[in-house]
Amino acid sequence: MTADAPGPDYIYRGFFGRLPSKPYDLTSRVTPTEQSIVLCHMGIPRLSASDWRLTVNGLVERPLVVSFDDLLAFEKVEIQSVHQCAGSPLRPDEPSQRVCNVVWGGTPLSTILGVAGVLPKAKFVWSEGADSGQFGDVQCGPYTKDLPLARANRDVLLAYEMNGKPLMPEHGYPVRLVVPGFYGTNSVKWLGTVTLADTRADSPFTKRWYLDPDESGNRTVPVWRTAPQSIIVSPIPDDARPAAHVPIEIWGWAWGDDGVDRVEISTDGGDHWAAATLEPDMGHAWRRFRYEWRPSSPGGYRLMSKARTGTGAVQPDRDRRNAVYSIDVTVGNPPGSR
């Protein structure tokens, strides 16, 4: 265990994003790294593994400073998980299909917390990245998020690999937090400090942005757990040109932190729904669904998918990040017709 490293310079300063893959491009169960979502609120710090340090402090018995080599000395765990952007915090009601499914490798956060010894008063884990600066019209300081300690003790990772290779700088090299089942905003990149606390963190990214409305309409609910959602991968909008009376497979991916109990398909813009076939539970990874459709006649059709959980939660029709996804296709004449 060694002393803290100085602050970083930057590969890129300011907001940086990479346009996510369209749903019809997400054909692989594990999304290639180059197709995975990237959103950096305040830039991409330039860090090295040799200089990286993780400070663990707050309500712990033994404050720690962990080096990259220290981290590698622990057993590596791999988790395949959906990684979904919550969407722009400036437009929180805008539907988002910014998603990928990747394999993370790293050390369980619970292992490090076990070494530090968590005090009974601790209720939350604060995580702070090396990136800082301005986002929107706010000077934010270091990017800071929080999560309940009960969740941190499950399957949260200090990840240093993505799809079997070291993290790319834009994905949080050398180490990032990964919270499977939570929206990506909680998986802090370029992780530098973990603090145990009895209250939520005081940060623009916890108190001003990434909050959903409560029952009264006030934005007080943390954007933590991923809501049930599904996307149609095939057919491709207005490209496949399926033929009337010929069976075609509608398929896609479904996920949610509560699990997905059922996926339904509509081929008429939401007037009627039918159950799709859903593959077995895949843990935190997305699950493939399929539905065989035989168009009754040529013309335009709107295809939609809707995910449901066993507890009754369902994708809303509109105005939420997990709103129902639809595609328009045109069905042609059956084979042999003129």
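# Strands, cores and rings

Reader: How many bridges pair strand 19 with strand 20?
Author: Strands are DSSP runs of E with at least two residues, helices are runs of H or I with at least four, and both are numbered from the N terminus. Two strands pair if DSSP finds at least two bridges between them. Strand 19 and strand 20 (residues 274-275) pair in the antiparallel sense, and their bridges number two.

Reader: What kind of model is this?
Author: Residues are numbered from 1 along each chain as its sequence is written, and side-chain values use heavy atoms, with hydrogens and water left out. Local features need pLDDT of at least 70, side-chain atom pairs count only at pLDDT 80 or more, and totals for chains, interfaces and linings use all residues, for the model is predicted.

Reader: Which residue is the bridge partner of Val263 in strand 23?
Author: Strand 19 also pairs with strand 23 (residues 299-308), again in the antiparallel sense, over five bridges. In strand 23, the residue that bridges to Val263 is Ala307.

Reader: In what order do the four strands of the open sheet stand?
Author: Strands of a sheet pair through backbone hydrogen bonds, either parallel or antiparallel. Here the pairing is antiparallel. Strand 23 joins strand 24 through seven bridges. The order is 20-19-23-24.

Reader: Which strands stand at the edges?
Author: Look for strands with a single partner strand. One side of each is then left without a neighbour in the sheet, so these are the edges: strand 20 and strand 24 (325-331).

Reader: How many of the five residues of strand 19 are buried?
Author: Buried means under 20% relative accessible area, exposed means over 50%, and partly exposed lies in between (1.4 Å probe, protein chains only). Strand 19 (residues 262-266) is largely enclosed by the rest of the structure, because its buried residues number four.

Reader: Which residues of helix 2 are buried?
Author: Helix 2 covers residues 109-116. Its buried residues are Leu109, Ile112, Leu113 and Ala116.

Reader: Within what arc do the buried residues of helix 2 fall?
Author: Look down the axis of helix 2. The arc is that of the directions from the helix axis to the C-beta atoms. The buried residues line one face of the helix, because their arc is 100 degrees.

Reader: Which residues have the most contacts inside the largest nonpolar core?
Author: A nonpolar core is a set of buried Ala, Val, Leu, Ile, Met, Phe, Trp, Tyr and Cys residues joined through side-chain atoms within 4.5 Å. The largest one has 42 residues. Another core, of 28 residues, lies apart from it. Inside the largest core, the residues with the most contacts are Leu109, Val125 and Leu158.

Reader: What is the relative accessible area of Leu158?
Author: Leu158 lies in strand 11 (residues 157-162). Contact means heavy atoms within 4.5 Å. Beyond its neighbours within four places in sequence, Leu158 has contacts including Leu54, Leu109 and Ile112. Leu158 is buried, at a relative accessible area of 0%.

Reader: With which side chains does Gln84 make polar contacts of 2.8 Å?
Author: Gln84 lies in strand 7 (residues 77-84) and is buried, with a relative accessible area of 1%. A polar contact is a pair of N or O atoms within 3.5 Å; within protein, one must be able to donate a hydrogen and the other to accept it, and residues adjacent in sequence count only if both atoms are side-chain atoms. The side chain of Gln84 makes one such contact of 2.8 Å with Gln229, and another of 2.8 Å with Trp255.

Reader: How far apart are the ring centres of Phe15 and Phe135?
Author: Rings of Phe, Tyr and Trp (its six-membered ring) pair if their centres lie within 6.5 Å; planes under 30 degrees apart count as stacked, over 60 as edge-to-face, and the rest as tilted. The structure holds 13 aromatic pairs. The planes of Phe15 and Phe135 stand at 40 degrees, so this pair is tilted, and the centres are apart by 6.3 Å.

Reader: Is Phe15 buried or partly exposed?
Author: Its partner Phe135 is buried, at 7% relative accessibility. Phe15 has 46% relative accessibility, and so counts as partly exposed.

Reader: What is the angle between the planes of Trp293 and Tyr301?
Author: Trp293 is buried, at 5%, and Tyr301 is buried, at 16%. Their rings lie 5.1 Å centre to centre. The pair is edge-to-face, with an angle of 75 degrees.
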